[in-house]
Amino acid sequence: MVWSALPGTTPSTVNDTDVFFAKFDGDSGELVQQKRFGSPAILDDAGLALAADSEGAFIVAGFKAVTSTDSDIWLRKWDAEGNVVWTQNVAGAGLGDDAAYGVAVDDNDDIAVIGEIRAEANTNGDIWVAKY
């Protein structure tokens with residue numbers, strides 16, 4: 001069976017967005033799963049990238065807010081049935097907006113993630129790369 005999926009954000013309150021993930025049947029277009037994750041109200045979270053492995057699991061990468069001036073890299077893997085396999089948070093050294101912008105899965109189902117870590121709010125960030 002063929003699947004299609006997308007990450008993104010969805011409003012949860014007037015001042016807040018949450019990570020949103022939807023999985024569709026590739027043949028019929030029918031919604032098969034939808035998942036949502038969010039920090040406390042008034043803090044923004046986002047799913048910015050998505051990849052799938054050979055078992056049909058999906059990995060969403062993005063960020064979750066910690067405070068109004070600080071966010072951490074956020075990664076979550078769901079199995080093919082929609083169960084959470086693991087969640088990974090990566091915090092930079094200071095109060096900056098850290099985020100993952102890309103995720104890929106290789107032929108061995110190893111996961112590579114790229115993003116940015118900021119030492120302080122409103123400063124230039126450093127490239128961040130990790131393999132899971």
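Hi everyone. Let's open with one residue, Asp 110, which is partly exposed, with a relative accessible area of 24%. Before I go on, please keep in mind that this is a predicted model.

So what does Asp 110 pair with? Asp 110 forms a salt bridge with Lys 131, and the closest N and O atoms are 3.7 Å apart. Asp 110 sits in the loop between strand S8, residues 99–105, and strand S9, residues 111–117, while Lys 131 belongs to strand S10, residues 126–131, so this pair ties together parts that are 21 residues apart in sequence. Lys 131 itself is exposed, at a relative accessible area of 61%.

How many salt bridges does a search of the whole structure find? It finds 3. As general background, side chains of opposite charge can pair when their charged atoms come close.

Another one joins Asp 53 to Lys 77, with 3.3 Å between the closest N and O atoms. Here Asp 53 is in the loop between S4 and S5, and Lys 77 is in strand S6, so the link ties together parts that are 24 residues apart in sequence. Are these two buried or exposed? Both Asp 53 and Lys 77 are buried.

There is also a salt bridge between Glu 116 and Arg 118, whose closest N and O atoms are 3.4 Å apart. Glu 116 is buried, with a relative accessible area of 18%, whereas Arg 118 is partly exposed, at 21%. If those two numbers look alike to you, the cut-off explains the labels: buried means under 20% relative accessible area.

Now let's turn to the sheet that holds some of these strands. If you follow along in the structure, you'll find an open sheet of 4 strands in the order S4-S5-S6-S7, with antiparallel pairing. S4 and strand S7, residues 84–90, stand at the edges with a single partner strand each, so one side of each has no neighbour in the sheet. From one strand to the next, the twist averages 20 degrees.

Let me walk you through the pairings of S5. Strand S5 covers residues 58–67, and 7 of its 10 residues are buried, so the rest of the structure largely encloses this strand. Strand S4, residues 46–52, pairs with S5 in the antiparallel sense over 6 bridges. One place to look is Ala 52, whose bridge partner in S5 is Phe 58. The hairpin of S4 and S5 has 5 residues between the strands, and in it Gly 56 takes a positive phi near 90 degrees.

On to S6, residues 70–78. S5 and S6 run antiparallel and are joined by 9 bridges. Their hairpin has 2 residues between the strands. Two pairs to find on screen: Ala 61 has Leu 75 as its bridge partner in S6, and Gly 62 has Trp 74.

My last stop is Asp 70, which also lies in strand S6. Which side chain of opposite charge is nearest to Asp 70? That is Lys 64, 9.5 Å away, and Asp 70 is buried yet has no salt bridge. A salt bridge needs the nitrogen within 4 Å of a carboxyl oxygen, so a distance of 9.5 Å does not qualify. Leaving aside neighbours within four places in sequence, Asp 70 is in contact with Ala 65, Gly 94, Leu 95, Gly 96 and Asp 97.

That's my tour. Thanks for listening!

Definitions and conventions. Residues numbered from 1 in each chain as written. Predicted model: local features only at pLDDT ≥ 70, side-chain atom pairs only at ≥ 80, totals over all residues. Heavy atoms only, no water. Buried < 20%, exposed > 50% of the residue type's maximum accessible area, 1.4 Å probe, protein only. Pairing = 2+ DSSP bridges. Lys, Arg positive; Asp, Glu negative; His and termini not counted. Contact = heavy atoms within 4.5 Å. Axes fitted to C-alpha atoms, helices over the stretch in contact; angles between N-to-C directions.
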